[in-house]
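Hi everyone, thanks for coming. I'd like to walk you through a few spots in this structure, so have a look at the screen.

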Amino acid sequence: RKREKCMFLISILKKAFGFGVMPKLASLVNLLLLPLITPFLTPFDYGIWGVITSYSGLFITIAPLGLNLFLTNSYYEYSNHWRVLWGRVICYFYLSGILLSIVYICVIMGMLSEVCIQKRFLIAMISCVPLLLFGNTVIAQHLYPLKGTPKPLVYRTLLGSICGMTVSFVSIYFFKAGYWGFLFGVAVTAIVSFTLFCPLLFKKEGIKPIIDRKWKKLVDMLKLSWPLIPHALGFVLLSSSSRIIMNLYQASLEDIGLFSNGYMMGDYITIITTSLVVALVPQLQKTYRDKRFGDYRSLYYFCQFTTLTAVFTVAIWMPDIYRVVIRNESFQSCSAIASIICFANVLLPFYNFTSNVAFIKKDSKQLLWLIFMPGAVNIFLSIILIPILGYVSVVYSTLVSYWTIAIIPFFVPCFHKNTKVWMGKLNRIIVILLIVLLAVVVAQYLSQTLWWIKIMVMIPIVLVYFFMLNKFQIKKIFQ
């Protein structure tokens, strides 16, 4: 029986790997390259890169203009005529990429005041390439999951990422190009991916750009699609707003770089959360729609406990991870930042389970609470605390902002009602928050202890984890 439970857990983890980790494989490969390139990078390099990724992420999120809303619906509703609409949409994507790239270049020219004007212009021109060429990738990201054939998407995206990482590695390791290596890498990734998708989309799939001179159609589409823009911006604001505000407060690029490095390392843990939830999506839909709310709650506990265990483990070993992966003394202090950022993401399962209910009930407008409230809190706290406590305060404002997701059911009527249905007593959320808070404090203490102490702590944690898996009765839910 124990063997059956073990094999069942392995099958879930395999699905999680296939659905969530494979698409993130390029990020994991990049993690393996860090020991080789970090000796040739400085906090200034990461500062430039942190500012660039914050602004470019913002613009790339806005660029589709929410028009991807029409892609999925038309695929099912328009039979063989969906390609015409997709052709119009991809043309709008190209136009949006051109216009927003011009705005983006102007913004970057005004932001990087510590860099001379000539370099600033080159940085803006190179870093706008992903924004300029985003259209094909977005179309492919919608098309192949709908067709049930993800391989064309995964292989081409992975090849583009590998080409970009190779260029980045060669630039930094051999030519000591610093932040330019990052810029060259993302530009090459965008160019290769765009090029690889062109013949596939235009010839094989028959999705050719169609210029529609009837602007009224575009205006009508935008009236329906614009609410998706703030929804998509939510998590980007949450992750990027801190660095943008630091830049607006004219914090040094070195300080922004230290925060960016720690945030990058801590954010890798989201791969575990995302992959696990994606693997369980069919069960989430089925249990909630069948009104098996107890099973839905058990699935949440399973995801939340797995995430907390993984985050706690990574957090206590973070200084050791830094010594192995980040071969640069300048960044060793960032391990404390990375450890805390790990815990910022620990409540993402709660967001996923809560938002899933909103999607099922078609309360998509209510999702703005889940996304914009944490972003607004992060912006507010950053504006208040940065002038007083410096960039270190941004770490804690990010932590608090992510955790505000858990208190939304207490004062938003829609989420209060829906969450109470599957969670039962809402005070369970308070208990989870207290456990997470205790885990943060303990992890920060243990991270500074000797390696053998950490191993001794991990043994009971693993035993408790497998004991709790039995309590959740996950296998029964899948039967």
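Before anything else, one term: when I say two residues are in contact, or meet, I mean that they have heavy atoms within 4.5 Å. Also keep in mind that this is a predicted model.

Okay, let's begin with a pair of helices. In general, you describe two packed helices by the angle between their axes and the distance between those axes. Here, helix α5, residues 82–111, packs against helix α11, residues 215–225, at an angle of about 85 degrees, and the axes are 12 Å apart. Anything from 65 to 115 degrees counts as roughly perpendicular, and therefore α5 and α11 are roughly perpendicular to each other.

So who touches whom? On the α5 side you'll find Leu-85, Arg-88, Val-89, Tyr-92 and Leu-95. They meet Trp-215, Lys-217, Leu-218 and Met-221 in α11. Sort the residues of that contact and you get seven nonpolar, two charged and no polar.

Now for a second pair. Helix α3, residues 43–62, and helix α13, residues 253–267, have axes that come within 6 Å and cross at roughly 75 degrees. That makes α3 roughly perpendicular to α13. From α3, the contact includes Pro-43, Phe-44 and Tyr-46, along with Gly-47 and Gly-50. Among their partners in α13 are Leu-253, Glu-254, Ser-260, Asn-261 and Met-264. The split for the contact of α3 with α13 is nine nonpolar, five polar and one charged.

Next, a single residue: Tyr-391. Where is Tyr-391 found? Tyr-391 lies in the loop between α20 (367–389) and α21 (392–403). If we leave aside its neighbours within four places in sequence, Tyr-391 is in contact with Met-246, Asp-255, Leu-258, Phe-259 and Ile-337. Take Met-246: Tyr-391 and Met-246 are 145 residues apart along the chain, yet their C-alpha atoms are separated by 7.2 Å. Leu-258 is one we've already come across, since Leu-258 is part of α13's contact with α3.

Last stop: empty space. How many cavities of 30 Å³ or more does a search of the whole structure find? The search finds one, and the largest cavity has a volume of about 30 Å³. Its lining is made of Tyr-300, Leu-347, Phe-350, Ala-406, Ile-429, Ile-432 and Leu-433. Helix α23, residues 427–446, gives the largest share of that lining, with three residues. As for character, the lining has seven nonpolar residues, no polar and no charged.

That's my tour, thanks for listening!

Conventions
Residues numbered from 1 in each chain as written. Predicted model: local features only at pLDDT ≥ 70, side-chain atom pairs only at ≥ 80, totals over all residues. Heavy atoms only, no water. Axes fitted to C-alpha atoms, helices over the stretch in contact; angles between N-to-C directions. Helix = DSSP H or I, 4+ residues; strand = E, 2+ residues; numbered from the N terminus. Parallel < 35°, antiparallel > 145°, perpendicular 65-115°, else oblique. Nonpolar A, V, L, I, M, F, W, Y, C, P; charged D, E, K, R; others polar. 1 Å grid on protein atoms, 1.4 Å probe; cavity = no way out; pocket = protein on both sides within 12 Å on 5 of 7 lines; lining within 4 Å. Points joined across faces, edges and corners; volume = space filled by probe spheres on them.
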